Amino acid sequence: MSKTDYSDFEDLSPFELKDKLIEIASSSADRLMLNAGRGNPNFLATQPRRAFLRLGDFAVEEAERSYSYLDSGFGGLPEKDGMLLRFEDFLHRHEDREGTTFLKATLSYAKNHLGVHRHDLIHEMVQGFLGCNYPVPPRMLVNSEKIVWAYLRKEMFGNEPPNGPFSIFATEGGTAAMTYIFQTLKFNGLVKEGDKVALGTPIFSPYLEIPPLPEYDMPVVDIRMEEGTDWQFSDAELAKLEDPAIKVFCIVNPSNPPSAKLSPEDLDRVAKFINEKRPDLFVVTDDVYGTFADDFVSLFAKCPRNTLCVYSFSKYFGATGWRLGVIALHEDNVFDDALAALPENAKKGLDKRYSSLTTTPRDIRFIDRLVADSRAVALNHTAGSSTPQQIQIMLFAMSGLLDHDDRYKNAAKGLIRRRFNTLELNMGVKPHRETNDVNYYTLINLQHLSDRLYGDEFADWFVANKKGYDFLFRLAEETSVVLLPGKGFEVVDASARVSLANLTEAEYAEIGAFARKVISEYHDEYSGKKP
């Protein structure tokens, strides 16, 4: 049993601490390291990727048509005239190849359900794949935005009726979206030093770490979710939002790391509170895990005027390396209202900031300021995600729209939930899922686990002797298993976050057994000290 003191690492961000834990876990040549600390999935969507590759074959053919008389690997900008007919011929010639059926369905769905002309879409797809032009418009390619709009409408609204049009900004993953939002709020004077940011905690650690940075200097107010109510908000916690000094409220829904969605009742309570008590509040909802939840509805659907929606394609489609995300904002929103209400001297300063973009800078919407600010305004003409990224975003979105029977969705949800059951059983406890649990992650409450395994007296000793943090290092050192501390996500109780997305079921069985082994060693220590 290790006697090493690991207290010096307690203040590290969980994702920086991860590197230290990996170093420790990798130190044994006799054991395989099992890293369940990060949420990179080990599953991915293949059909939209195959479609992307087939599209690439056609796109390169189109480029080579322009200079077919040059035998030097030379190509040119694809010609729109006749492209749809040539694409249909391409599909016929390659009908036996994976991805062609998907591409055919993409054009048909876009035409029949979204009113997108097929020749416009295929031209956008070909140019986008080739990356032969700047993103135009910079915020998002026109037809790709319509398809992603429909996807978000399906996945974020559930059975909620439409509540007006919204615009989308394609970003380099959800983390870029977070960065852009805070930057533009600050640049436009919608938040200032000393204003408060409320966070629905526990929460993804960057939300905790960005507001205190010197360029923002914004105090954080915890709006705590209650573990005893399956990580929902109490009335007392929501009442904290009445403080007018709180300008921004950020939540991750389903939560990270508890991995529970807001219940329909809680969602209604939060929306009602904002609508009635804080109609001026800026809300950011990060819904990256919503597609793993049953019957998910976003706060973006319930509280449209106040809410910016951040969504990433990374987890559901297994695309963390692609860096694909979006920001969505309704056209009728409090962000634009707040811009219009700024004092005249502030507006004049912003006129100067955005004067190179238009002769009427005050007409620039908040979402378009996000785009401009992402490139320091001066490079707005080269803003936007790369066009190949946007085409892959669109194909991922289309795969969700075409998944009428939820075959991919049910497979993804079933996979992570089986892993949850395996982990719990091998820790020696009976698996239990609440209605709102998603299980992309699970949060092991070490005090509760100690109680369930060896009783409340041992659990009290475990907490009193601050064994929770030591548990992570012991686990890494003795078993080569890497988990992250709940503390780094503002979890109150001693706990460990386990990603259920990135290892095999057999490996989760090992992690469960190893976790129980380390707890049993603590119990031996406790028993040896009893009179």
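In the predicted model, Phe317 has a relative accessibility of 1% and therefore counts as buried. Its partner Phe396, at 0% relative accessibility, likewise counts as buried. Phe317 and Phe396 form a stacked aromatic pair, with 4.8 Å between the ring centres and 20° between the planes. The angle of 20° leads to the label "stacked", because planes under 30 degrees apart are classed in this way. Phe317 is located in the loop between E8 and E9, whereas Phe396 belongs to helix H15 (residues 387-402), so the pair ties together parts of the chain that are 79 residues apart in sequence.

Both residues also belong to an aromatic cluster, which includes Phe43, Tyr151, Phe313, Tyr316, Phe317 and Phe396. Phe313, a member of this cluster, was examined for contacts beyond its neighbours within four places in sequence. Among the residues it touches are Val148, Tyr151, Leu324, Val326, Ile393, Phe396 and Ala397. The glycines Gly318 and Gly325 are also in contact with Phe313.

In soluble globular proteins, nonpolar side chains tend to be buried together. In this model, the largest nonpolar core has 91 residues. Ile122, Met125, Leu152 and Phe313 are the residues with the most contacts inside this core. Among the contributing elements, H15 gives the most to the core, with eight residues. A second core, separate from the largest one, has 42 residues, including Ala176, Leu185, Ile327 and Val371.

Across the whole structure, 35 aromatic pairs were found. One of them is formed by Phe52 and Trp322, whose arrangement is edge-to-face, with 5.5 Å from centre to centre and 85° between the planes. The edge-to-face label follows from the angle of 85°, because planes over 60 degrees apart fall in that class. This pair links distant parts of the chain: Phe52 lies in helix H2 (residues 47-65), and Trp322 lies in the loop between strand E8 (307-312) and strand E9 (325-330), 270 residues away. With a relative accessibility of 10%, Phe52 counts as buried. Trp322, by contrast, is partly exposed, its relative accessible area being 26%.

Charged side chains are also placed over aromatic rings. Arg353 lies over the face of Phe187, at 4.3 Å from the ring centre. In another case, the charged end of Arg474 is positioned over the ring of Tyr522, 4.3 Å from the centre of that ring.

Key
Residues numbered from 1 in each chain as written. Predicted model: local features only at pLDDT ≥ 70, side-chain atom pairs only at ≥ 80, totals over all residues. Heavy atoms only, no water. Phe/Tyr/Trp six-rings, centres within 6.5 Å; stacked < 30°, edge-to-face > 60°. Helix = DSSP H or I, 4+ residues; strand = E, 2+ residues; numbered from the N terminus. Buried < 20%, exposed > 50% of the residue type's maximum accessible area, 1.4 Å probe, protein only. Lys NZ or Arg CZ within 6 Å of the ring centre and 35° of its normal. Core = buried A, V, L, I, M, F, W, Y, C linked by side-chain atoms within 4.5 Å. Contact = heavy atoms within 4.5 Å.
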